[in-house]
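Visitor: Could you walk me through the side-chain contacts here? I'd like the cut-offs along the way.

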Amino acid sequence: MKFVSVCAIAALSLAVPTFAHAQENPAASISLVELQLASEIIDTAYPQGSREPMFMAVSEQMEQQVMASVMQQMGDVPAGARKVIHDWQATVTGQQREILRRHIPAIMQAWAESYANIFSEAELRDILAFVQTDTGRTFLMKSTDVISDPAFASANQAYMDETMALMQDRMPDLISGLVEIAEAQ
């Protein structure tokens, strides 16, 4: 049962996209000036050619940390199970990267809309002034590098390991609940 639970956790953890879904569309309340400023911030801070490599690097680092947690939770497993999971993950990762690649333009547009929704016009002007400096561009471009920095990666790995252990411990509750529903139908 432990092996099946870990495999289920692996499938759920590795197949779930890393970006959250918005619950509503706040773009309707954004002024054109705020959206223009936010779009300029995005275009300045994240030039077209840097976007895909940035997203792919973040995705790869997150997948590595999840896989490390999954493999730690597996313990003793049938021969070849680790290879099956690695092969499955490699296939899914390739497919997820293609999906991500297609969604980057919409994500960047939504990022601009989110900035316009979150920050005031005055704040957007200040942020734009900052990102137009070398330090500002560097700061934003490198902010996603934080997740692969050894200090952050270590702290995040400890969090993921504990979370994966919790998910594994709670998997019987999930399975039981789903079985109850299936049997009731």
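Visitor: Is Arg-97 buried or exposed?
Guide: Buried means under 20% relative accessible area, exposed over 50%, and partly exposed in between, with a 1.4 Å probe and protein chains only. Arg-97 sits in helix α4, helices being DSSP runs of H or I with at least four residues, numbered from the N terminus. Its relative accessibility is 17%, so Arg-97 counts as buried.

Visitor: What kind of model is this, and which pLDDT do side-chain atom pairs need?
Guide: Residues are numbered from 1 along each chain as its sequence is written, and side-chain values use heavy atoms, with hydrogens and water left out. The model is predicted: totals for chains, interfaces and linings use all residues, local features need pLDDT of at least 70, and side-chain atom pairs count only at pLDDT 80 or more.

Visitor: Which residue forms a salt bridge with Arg-97?
Guide: A salt bridge here is a side-chain nitrogen of Lys or Arg within 4 Å of a carboxyl oxygen of Asp or Glu. Leaving aside neighbours within four places in sequence, Arg-97 is in contact (heavy atoms within 4.5 Å) with Met-56, Ser-59, Glu-60 and Glu-63. The salt bridge, at 2.9 Å from N to O, is with Glu-63.

Visitor: How many residues apart are Arg-97 and Glu-63, and where do they lie?
Guide: Glu-63 is buried too, at 11% relative accessibility. Arg-97 is in helix α4 and Glu-63 in helix α3, so the pair links distant parts of the chain. In sequence, they are 34 residues apart.

Visitor: Why does the salt bridge of Arg-101 with Glu-52 tie together separate parts of the sequence?
Guide: The closest N and O atoms of Arg-101 and Glu-52 are 2.7 Å apart. Both residues count as partly exposed, Arg-101 at 31% and Glu-52 at 32%. Arg-101 lies in helix α4 and Glu-52 in helix α3, so the parts they tie together are 49 residues apart in sequence.

Visitor: Which residues are linked with Arg-101 in a network of salt bridges?
Guide: A search of the whole structure turns up eight salt bridges. One of the partners of Arg-101 is Glu-52, as above. The network links Arg-101 with Glu-52 and Glu-98.

Visitor: What about Lys-83: which residue forms its salt bridge?
Guide: Lys-83 is exposed at 53% relative accessible area, while its partner is partly exposed at 37%. The two both lie in helix α4, four residues apart, about one turn of the helix. With closest N and O atoms 2.6 Å apart, the partner is Asp-87.

Visitor: On to the rings: how are the planes of Tyr-46 and Trp-111 arranged?
Guide: Rings of Phe, Tyr and Trp (its six-membered ring) pair if their centres lie within 6.5 Å; planes under 30 degrees apart are stacked, over 60 edge-to-face, and the rest tilted. By that rule there are five aromatic pairs. For Tyr-46 and Trp-111, the centres are 4.7 Å apart and the planes at 35°, which makes the pair tilted.

Visitor: Which residues have the most contacts inside the largest nonpolar core?
Guide: A nonpolar core is a set of buried Ala, Val, Leu, Ile, Met, Phe, Trp, Tyr and Cys residues joined through side-chain atoms within 4.5 Å. The largest has 20 residues, and α4 gives the most to it, with six. Those with the most contacts inside it are Tyr-46 and Tyr-115.
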